[in-house]
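Me: Could you take a close look at one part of this model for me, the charged side chains and how they pair, and then follow the thread into the surrounding structure? I would enjoy one connected walk-through.

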Amino acid sequence: MSLSITLRPYTSTDFEFLWSTIDSRIAWLTSKGLEGQWGAEPWDSEIKEQLRSRLVEDVRRGGFNWIAEVDGELAGFFQTDDKSGEELYLRLLVVHTNFGGRGVGDFMLGFAKRFAGESKVDWVRMDCWKGVPGEGKDGLVRYYEGKGFTRVRDFVVPAERLKRATEYAGHLLEWKVVEV
């Protein structure tokens with residue numbers, strides 16, 4: 001049975017879904033020993049309000065927020081910055097655990113790539129958590145590499161800036177836009 005996956009613009013009424021999606025992913029990541037991506041505990045109300053405000057501000061500055069639905073049920077979210085200049089920056093892409101492994105992330109990523117091509121930008125770029133490669137816990141990086149992204153450089157966000165116990169080590173990834 002094939003799924004009917006559609007995208008529509010995010011609205012403020014979708015925020016609680018987005019929040020529950022992030023919570024579901026934090027719990028899933030923690031169960032896999034991958035606390036380094038978003039921490040081991042659900043995010044607090046301060047982070048919740050910062051995210052809510054950031055979504056509004058990013059749209060005001062020309063960014064785009066999208067909701068994925070599967071057969072009419074909310075399934076995922078992704079956010080891009082404005083498409084001016086040479087790149088489309090994919091800021092957040094998350095699929096609710098109820099829909100993991102069902103192609104929702106692939107669908108959203110494919111849309112972002114087509115959107116970038118139609119927007120005449122040269123690159124789709126994103127930050128990606130590095131994982132723990134020596135322990136086989138770098139599946140997110142391998143997923144994006146399997147979709148054609150390449151590593152550009154490493155970066156580290158200090159724990160103090162994140163207000164958590166551990167730093168965030170990641171890769172800047174990019175995909176060269178091809179004509180659509």
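Reply: Arg-8 is a good place to begin: its relative accessibility is 24%, so Arg-8 counts as partly exposed. Its salt-bridge partner is Asp-14, and the closest N and O atoms of the two are 2.7 Å apart. Asp-14 counts as buried because its relative accessibility is 4%, below the 20% limit for that class. Please keep in mind that this is a predicted model.

The pair belongs to a wider set, as a search of the whole structure finds 16 salt bridges. In general, side chains of opposite charge can pair when their charged atoms come close. Another of these bridges joins Arg-61 to Glu-57, with 3.7 Å between the closest N and O atoms. Glu-57 is partly exposed, with a relative accessible area of 28%. Both residues also take part in a network of salt bridges that links Arg-54, Glu-57, Asp-58, Arg-60, Arg-61 and Arg-91.

Now to a bridge between two strands. The side chains of Arg-125 and Glu-174 meet at 2.8 Å, N to O. Arg-125 sits in strand E5 (residues 123-129) and Glu-174 in strand E7, so this salt bridge ties together parts that are 49 residues apart in sequence. Both Arg-125 and Glu-174 are buried.

Strand E7 (residues 168-176) also holds His-171. With a relative accessibility of 4%, His-171 counts as buried. Its side chain makes a polar contact of 2.6 Å with the side chain of Asp-154. Leaving out residues up to four places away in sequence, His-171 touches Met-126, Asp-127, Cys-128, Lys-130, Val-141, Arg-151, Arg-153, Asp-154 and Phe-155.

From here the thread leads to the nonpolar side. The largest nonpolar core has 27 residues, and Val-104, Tyr-144 and Phe-149 touch the most other members. Strand E2 (64-70), strand E3 (73-80), strand E4 (87-95), H3, E5, helix H4 (139-146) and E7 each contribute at least two residues to this core. H3 gives the largest share, 6 residues. Beyond its neighbours within four places in sequence, Val-104 is in contact with Ile-5, Ala-68, Val-70, Ala-75, Val-95 and Phe-99. There is also a second, separate core of 20 residues, which includes Trp-38, Leu-55, Ile-67 and Phe-155. Phe-155 is also one of the residues that His-171 touches.

Helix H3 deserves a few words of its own. H3 covers residues 104-118, 15 residues in total, and reaches 21 Å from its first C-alpha to its last, close to the 21 Å expected at 1.5 Å a residue. The buried residues in H3 are Val-104, Gly-105, Met-108, Leu-109, Ala-112, Lys-113, Phe-115, Ala-116 and Gly-117. As background for reading that list, an α-helix has 3.6 residues a turn, so residues three or four places apart point the same way.

Two loop residues round off the tour. Lys-120 follows H3, in the loop between H3 and E5. Its phi is near 65 degrees, a positive value in a residue other than glycine. Lys-120 is exposed, with a relative accessible area of 62%. Asp-71 lies in the loop between E2 and E3, and its phi is also positive, near 50 degrees. Asp-71 is partly exposed, with a relative accessible area of 48%.

Notes
Residues numbered from 1 in each chain as written. Predicted model: local features only at pLDDT ≥ 70, side-chain atom pairs only at ≥ 80, totals over all residues. Heavy atoms only, no water. Helix = DSSP H or I, 4+ residues; strand = E, 2+ residues; numbered from the N terminus. Expected span 1.5 Å × (residues − 1). Buried < 20%, exposed > 50% of the residue type's maximum accessible area, 1.4 Å probe, protein only. Polar contact = N/O pair within 3.5 Å; in protein donor to acceptor, adjacent residues only side chain to side chain. Contact = heavy atoms within 4.5 Å. Salt bridge = Lys/Arg side-chain N within 4 Å of Asp/Glu carboxyl O. Core = buried A, V, L, I, M, F, W, Y, C linked by side-chain atoms within 4.5 Å.
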